[in-house]
Amino acid sequence: MQEVYDEYLTRRNFLIDQLNQIPGVFAPAPTGAFYVMVELPVDDVEKFCKWCLTDFTYEGATIMMAPGTGFYTNPEDGRHQVRMAYVLNKEDLGKAMVVLRKALEAYNA
């Protein structure tokens with residue numbers, strides 16, 4: 001069990017570090033989950049998440065996220081947040097962060 005715990009802790013710390021290096025993104029470290037709520041610099045995360053899946057690719061890849069609106073009693077509270085799980089290995093998380101950075105740049109251009 002310790003190996004699994006250590007692996008998820010490594011993934012969490014890596015993801016949080018990578019997210020917080022993206023301009024305008026804020027991701028606090030969760031303390032008991034395998035996901036993080038991430039504040040994104042977009043007008044509407046539901047539109048952004050859909051756009052990522054339907055209209056955006058970077059080097060043949062895109063990113064799938066859960067809009068934060070569905071995780072709050074008042075959906076407006078999650079309008080600028082997405083929920084991201086860190087269940088992928090560190091290498092794939094790193095690739096996903098590159099894709100997210102490029103998606104944000106393209107979407108906000």
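The following dialogue discusses how to read several features of a predicted model.

Student: Let us begin with the sheet. In what order do the three strands lie, and is the pairing parallel or antiparallel?

Tutor: In general, strands of a sheet pair through backbone hydrogen bonds, either parallel or antiparallel. Here three strands form an open sheet with the order 1-3-2, and the pairing is antiparallel. Strand 1 (35–39) and strand 2 (66–67) are the edge strands, each pairing on one side only.

Student: How many bridges join strand 1 to strand 3?

Tutor: Strand 1 and strand 3 (residues 81–85) run antiparallel and are joined by five bridges. Within this pairing, Val38 of the one strand stands opposite Val82 in strand 3.

Student: How should I read the span of helix 1, and what is expected at 1.5 Å a residue?

Tutor: One compares the distance from the first C-alpha to the last with the expected value. Helix 1 (residues 2–20) has 19 residues and reaches 27 Å, close to the 27 Å expected.

Student: Which residues of helix 1 are buried, and what do they pack against?

Tutor: The buried residues are Arg11, Arg12, Phe14, Leu15, Ile16 and Leu19. They pack against strand 1, strand 3 and helix 3 (90–107).

Student: Is Cys52 buried or exposed, and where does Cys52 lie?

Tutor: Cys52 lies in helix 2 (residues 45–55). Cys52 counts as buried because its relative accessibility is 0%, and the cut-off for buried is under 20%. Leaving aside residues up to four places away in sequence, Cys52 touches Thr62, Ile63, Met65 and Ala103.

Student: How far is Cys52 from Leu88 in sequence and in space?

Tutor: The two are 36 residues apart in sequence and 19 Å apart in space, C-alpha to C-alpha. Leu88 also belongs to a surface feature: a nonpolar patch of about 610 Å² made by Met1, Val4, Tyr8, Phe34, Val87 and Leu88.

Student: Where is Val87, and why does Val87 count as partly exposed?

Tutor: Val87 lies in the loop between strand 3 and helix 3. Its relative accessibility is 43%, and Val87 therefore counts as partly exposed; that class lies between the cut-offs of 20% and 50%.

Student: What is the phi of Glu59?

Tutor: The general expectation is that most residues other than glycine have a negative phi. Glu59 has a positive phi of about 50° although it is not a glycine. Glu59 is found in the loop between helix 2 and strand 2, and at 71% relative accessibility Glu59 counts as exposed.

How values were computed
Residues numbered from 1 in each chain as written. Predicted model: local features only at pLDDT ≥ 70, side-chain atom pairs only at ≥ 80, totals over all residues. Heavy atoms only, no water. Pairing = 2+ DSSP bridges. Helix = DSSP H or I, 4+ residues; strand = E, 2+ residues; numbered from the N terminus. Expected span 1.5 Å × (residues − 1). Buried < 20%, exposed > 50% of the residue type's maximum accessible area, 1.4 Å probe, protein only. Contact = heavy atoms within 4.5 Å. Patch = residues over 30% accessible without salt bridge, like charges linked within 9 Å, V, L, I, M, F, W, Y side chains within 5 Å. Areas by Shrake-Rupley, 256 points an atom, 1.4 Å probe, with all protein chains shown as cover. Salt bridge = Lys/Arg side-chain N within 4 Å of Asp/Glu carboxyl O.
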